[in-house]
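Below are some notes on the model we discussed, set out as numbered points. Please read them alongside the structure.

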Amino acid sequence: MHDSGKSAWLAYPLLLVGAVVFLFPLVWMVARSFMGLDDLYKVPPIVFPTKWEASAYDDIWTIRPFLSYIRNTVIVVACSVVGATVSSALCAYGFARLKFPLRGLIFGVVLATMMLPSAVTMIPVYVLFSKLHWTNTLMPLIVPTFFGGGAFNIFLLRQFFAGLPNDLDEAAKIDGANLWDIFWRIAMPLCKPALTVVAIGSFMNTWNDFMGPLLYLSKEKSFTLALGLYALSPGEAGGATINSITTAQLMAACSLAVIPVVLVFFFAQKKLISGTAVSTGIKG
Amino acid sequence: MKSRKAVREAIAGYLFTSPVTLGILLFTAWPVAQSLYYSFTKFNIIKKPQWVGGDNYAKLTGDAEFWHSLKITAIFTGVSVPASLLVGFLMALLLNRSLRGIGLFRTIFYLPVVVPVVASGMLWKQLYSPTYGFANRLLEAVGLPPYTWFSQPESVLPSIIIMGLWQAGGSMIIWLAGFQGIPVHLYEAAIVDGASRMRRFWSITIPMITPVIFFNLIMGFIGSFQVFGQVMATTAGGPLNASNFLMVMIYKEAFRTLNMGYASALAWVLFVIVLLLTAFIFRTSRSWVHYEGGAK
């Protein structure tokens, strides 16, 4: 749908206002991380520091073991991205391309799990992991991602696999390829765009995950970045009593947690948006 | 008798889908059953669960804290779901055009959604700070008196809802996808027939987008009944339990006071409410959701 020139020019001022509203909090977060104490507590508040100071970015590493938080987060994210992408692709391929009894019913159950509140499974799953002595390790955050990688991802990939022409496997079978070859060497490469969407989605979900770490991790050496940030929050239960942290340091830590997801999102946004378009287009 | 080929394909099918079937058995089906059992017990994880019959559910009906929590969760859901649908819709309307730079605007409008909840929570605590924040400056600029935001029980709900609207990009993106899924030929035909811009909007866009409204409503209700992260990262249920939403209450019962039996009962009540709400929306959907090309 193309717009007439007039409405287009009316849209720009609104778009600009919107952009300021949505960006402002993030800009202020970064700006505040560069403020000295005088600037932080100015009344009325200021947007940009009068003097830019980067000392918060030097200090936070010694205030809390941020390096260890980041290392833990990277481990969880890397494993989860592999786990979610590979296992959801396997399942999606099965549902899309292979015929077996009860297929429709099982797929229906998979979709229904999306509607189950996590409150219901939270306690028994916690009990399970604590019996395995997995609390305060990264295992509870990693292992479940290898079991299907989430109903939404299976749903999304299934649509892609189902869209591949049937002649492809026929031709491959004639050439002597077995099922695994067809899946791994033919179907997977063809679904790269969708797989990228799943991988990026699980990167962002895992990087941002707060509830999982909050449930399973109580020792600081196993903290992820999200939980480490939470523990920094003044007066938060679960956090040590940290009164010495300044707002600039807090905002610097937040900026560090935000920048990787924002960067990934910027590079991937085209793919993500078209991925959503595909998945919602199906329902109509 | 099935051919050997079909049998082999079926075996392969089960193997390919085995991660998710195992996953559902381990992390969904069994826990759901366990949780139902726990809800009839006294359980603190250290000792074995002790059967108490319906005591937890009986306690729940007389628990003022639970009713308060249910009430604020319902209010939060009732306000924030329609509000963020509406804001997302307006954003999508604005962004659904082919203008120079529109891709960048879409990215910016969506950006808040990818911000980790703990970081956005801390950020909003700063924005809402009565003296050092910008929220009250904004009110002052338009001539309104300062507001108490997170610091008073009566202002905490609106504050959390407004904070949530910052992330309305999540629903915007689904609206956008919906708009773009509407076949162009429908509009072209309407233009040929002389339909006005408004008429095209009400007679084509709205009916064609009802499946998207439906999807957004269902996911929105399910999500906001379980509001948790943004509350823990800001008010942690306070002040004076004013933002002690159901999920926050369940978490505290289970993991702070170790009343896991009672927490399970609360979780089941939450589950039943979500189930009923979803069923209700599904039922009504037949009369207002329009599926192009017949039934879903």
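1. Which domains does the domain assignment of chain A give? The assignment yields domain 1, residues 5-53, and domain 2, residues 56-283. Please keep in mind throughout that this is a predicted model.

2. The two domains of chain A touch through 7 residues of domain 1 and 8 residues of domain 2. On the domain 1 side, helix 1 (5-33) and helix 2 (37-40) of chain A are the elements that give two or more residues. Helix 1 of chain A gives the most to that side, with 4 residues. By class, the domain 1 side that touches domain 2 of chain A divides into 5 nonpolar residues, 1 polar and 1 charged.

3. Chain B is likewise assigned in parts: domain 1 covers 1-38 and domain 2 covers 55-288. Taken over C-alpha atoms, the centres of domain 1 and domain 2 of chain B are 34 Å apart.

4. On the contact between the chains, chain B puts in 82 residues and chain A puts in 80 residues. Within the side of chain B that touches chain A, the largest share comes from helix 1 (residues 4-38) of chain B, with 21 residues. The class count for this side of chain B is 58 nonpolar, 19 polar and 5 charged residues.

5. Within chain A, helix 4 (residues 66-97) packs against helix 8 (residues 151-162) at an angle of about 50°, and their axes are 8 Å apart. That angle makes helix 4 of chain A oblique to helix 8 of chain A, because it falls outside the ranges that count as roughly parallel, roughly perpendicular or roughly antiparallel. The crossing of helix 4 of chain A past helix 8 of chain A is right-handed.

6. Which residues meet where these two helices of chain A pack? From helix 4 of chain A, the residues include A:Ala84, A:Ser88, A:Cys91, A:Tyr93, A:Phe95 and A:Arg97. Helix 8 of chain A supplies A:Asn153, A:Ile154, A:Leu157, A:Arg158, A:Phe161 and A:Ala162. By class, this contact of helix 4 with helix 8 of chain A has 11 nonpolar, 2 polar and 2 charged residues.

7. For chain B, an unreviewed UniProt entry carries the annotation "domain: ABC transmembrane type-1" over residues 70-281. In the model, residues 70-281 of chain B are 72% helix and 0% strand, and the end C-alpha atoms of this span lie 19 Å apart.

8. UniProt, again in an unreviewed entry, places the feature "transmembrane region" on several stretches of chain B, among them 12-33, 72-95 and 107-124. Residues 72-95 of chain B are 100% helix and 0% strand, with end C-alpha atoms 33 Å apart. For residues 107-124 of chain B, the values are 67% helix and 0% strand, and the end C-alpha atoms lie 21 Å apart.

9. Some backbone details should be checked by eye. The peptide bond from A:Val43 to A:Pro44 is cis, with omega near -10°, and A:Pro44 is found in the loop between helix 2 and helix 3 (55-63) of chain A. In chain B, the bond from B:Gly238 to B:Pro239 is also cis, with omega near -15°. B:Pro239 lies in the loop between helix 11 (229-232) and helix 12 (246-255) of chain B.

10. Where is A:Asn136 placed? A:Asn136 is in the loop between helix 6 (118-131) and helix 7 (139-142) of chain A. Phi of A:Asn136 is near 65°, a positive value in a residue other than glycine.

Definitions and conventions
Residues numbered from 1 in each chain as written. Chains lettered and ligands numbered in written order. Predicted model: local features only at pLDDT ≥ 70, side-chain atom pairs only at ≥ 80, totals over all residues. Domains from an automatic or database assignment. Axes fitted to C-alpha atoms, helices over the stretch in contact; angles between N-to-C directions. Parallel < 35°, antiparallel > 145°, perpendicular 65-115°, else oblique. Left-handed = near helix turned anticlockwise from the far one by under 90°. Nonpolar A, V, L, I, M, F, W, Y, C, P; charged D, E, K, R; others polar. UniProt positions renumbered as here; feature names shortened; annotations may be inferred.
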